[in-house]
Amino acid sequence: MKKNIAFVYDSQSVYGIEDCLSYSDFCYDDEAEYFKKSLESLGGYDVTLFCGIKNFFDAYNSGKKFDMIFNKCEGFGTRNREGLFPALLEFYNIPFVGTDAYGLSLSLNKFHTKLIAEYYEIPIPKFELISRLEDIEKTASLKYPLIVKPNSEGSSMGVVIVEDSEKLKRVVNEISDKYGYPLICEEYIYGHEVSVPIIGTGNKARALSPIEFKQNDGNFFPIYSTEAKYYSGCQTLFFDGSEQAKKVMTDSALKIYRALGCRDFGRADYRVRGNEAFLLEINPLPTLSEHGSFELWANSNNSSFAEILEEIIKSAEERYGIK
């Protein structure tokens, strides 16, 4: 008998968002459709897509049952946005794939993630938290250029490079007006934009080979921007830098992933400069889109994207004791 999987995601349309560049941290219809097509190609799954939490619960409350929920809901408008749907699933004791509400809310907070990374001695860029305009004074010890970004957003939303103190004040005002405080201000690392995909939970989690993102002309991204991620495109390829940097990334990716209690699948993002690899953030809701990092790894390791999805689901089933 086939397993019934509900793939639940949200998009700008659920929240009436028209400014797609400013608010883009969502799953998209093509990603959901590709998930369904890929997983069903294995023959043992029926996948139902739900765009919006309400649509899922309307079906669930009408008696529709599923063997597993695959959560790809990002939420909107609150620092707990990524944890809202998992919290409801936990409350109703509905099994789901992915990190729990606490882990998602914690990882979304870049400041708290950085504090945990520091505790585990994971290299990160030097930073300061900006909770009000006057906090700019705290950045005096940081070396320009700097990166300024919202503390609890994703997909490079609101990320700006700042070259001097005069621009810093203007940028802090602009970003806080759009996304609110707090903001993160950190030293800019020029180099490779690299991600480490992760599959599994706890001691069974494993880091896949680091994946690099470059501009279409082969050059580094000054910023791996929202526009590059979703609109203008990029090259996705295996990172061919130093073995030392690769080891730092794969070791530290698993360390922060486990420390935050991430489950089933995720991704750690880095800037790499020579042998140095600096953790930028951990993402327990990474994209599963076509030609993404998980598929690239699968196609190069005698596997398939569908098999990767099945491994992720089996990780969740094992946590719940589902056979």
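Here are some friendly notes on this predicted model, going through its two sheets, its cysteines and a few surface residues.

1. **The parallel sheet.** One open sheet has four strands in the order S2-S1-S3-S4, and the pairing is parallel. At its edges stand strand S2 (45-51) and strand S4 (96-97); each has a single partner strand, so one side of each is left without a neighbour in the sheet.

2. **Inside the parallel sheet.** Strand S1 (residues 3-9) and strand S3 (residues 68-72) run parallel and are joined by five bridges. If you would like a residue pair to look for on screen, take valine 8, whose bridge partner in S3 is asparagine 71.

3. **The antiparallel sheet.** Another open sheet of four strands follows the order S5-S8-S6-S7, this one with antiparallel pairing. Here the edge places go to strand S5 (127-130) and strand S7 (160-162), each paired with a single strand, so one side of each lacks a neighbour in the sheet. From one strand to the next, the twist averages 25 degrees. As a reminder, strands of a sheet pair through backbone hydrogen bonds, in either the parallel or the antiparallel sense.

4. **How its strands are joined.** Working across the sheet, S5 pairs with strand S8 (residues 183-187) in the antiparallel sense, over four bridges. Leucine 129 faces isoleucine 184 of S8 across this sheet. S8 is also joined to S6, by five antiparallel bridges, and there valine 148 has cysteine 185 in S8 as its bridge partner. Three bridges then link S6 to S7, again antiparallel, with leucine 146 standing opposite valine 162 in S7.

5. **Strand S6 is well covered.** Do take a look at strand S6 (residues 146-150), where five of its five residues are buried. The cover is on both faces: Leu146, Val148 and Pro150 are buried on one side, and Ile147 and Lys149 are buried on the other. Note that a lysine is among these buried residues.

6. **No disulfides.** A bench biochemist may well check the cysteines, and the structure holds zero disulfides. Why is cysteine 51 not bonded to cysteine 27? Its sulfur is 8.2 Å from that of cysteine 27, the closest cysteine sulfur, which is too far for a bond, because a disulfide needs the two sulfur atoms within 2.5 Å. Cysteine 73 is in no disulfide either; its nearest cysteine sulfur, that of cysteine 51, lies 8.4 Å away.

7. **Cover at the cysteines.** Is cysteine 73 buried or exposed? With a relative accessible area of 2%, cysteine 73 is buried. Cysteine 51 has a relative accessible area of 21% and is therefore partly exposed, because buried means under 20%.

8. **A nonpolar patch at the surface.** Val14, Tyr15 and Phe76 make a nonpolar surface patch of about 220 Å². Of these residues, tyrosine 15 sits in helix H1 (residues 12-15). Its relative accessibility is 31%, so tyrosine 15 counts as partly exposed.

9. **Lysine 169 in helix H7.** Finally, lysine 169 belongs to helix H7 (residues 165-179). This lysine is partly exposed, at a relative accessible area of 48%. Along the sequence, lysine 169 and glutamate 137 are 32 residues apart, while in space they are 10 Å apart, C-alpha to C-alpha.

How values were computed:
Residues numbered from 1 in each chain as written. Predicted model: local features only at pLDDT ≥ 70, side-chain atom pairs only at ≥ 80, totals over all residues. Heavy atoms only, no water. Patch = residues over 30% accessible without salt bridge, like charges linked within 9 Å, V, L, I, M, F, W, Y side chains within 5 Å. Areas by Shrake-Rupley, 256 points an atom, 1.4 Å probe, with all protein chains shown as cover. Salt bridge = Lys/Arg side-chain N within 4 Å of Asp/Glu carboxyl O. Helix = DSSP H or I, 4+ residues; strand = E, 2+ residues; numbered from the N terminus. Buried < 20%, exposed > 50% of the residue type's maximum accessible area, 1.4 Å probe, protein only. Pairing = 2+ DSSP bridges. Axes fitted to C-alpha atoms, helices over the stretch in contact; angles between N-to-C directions.
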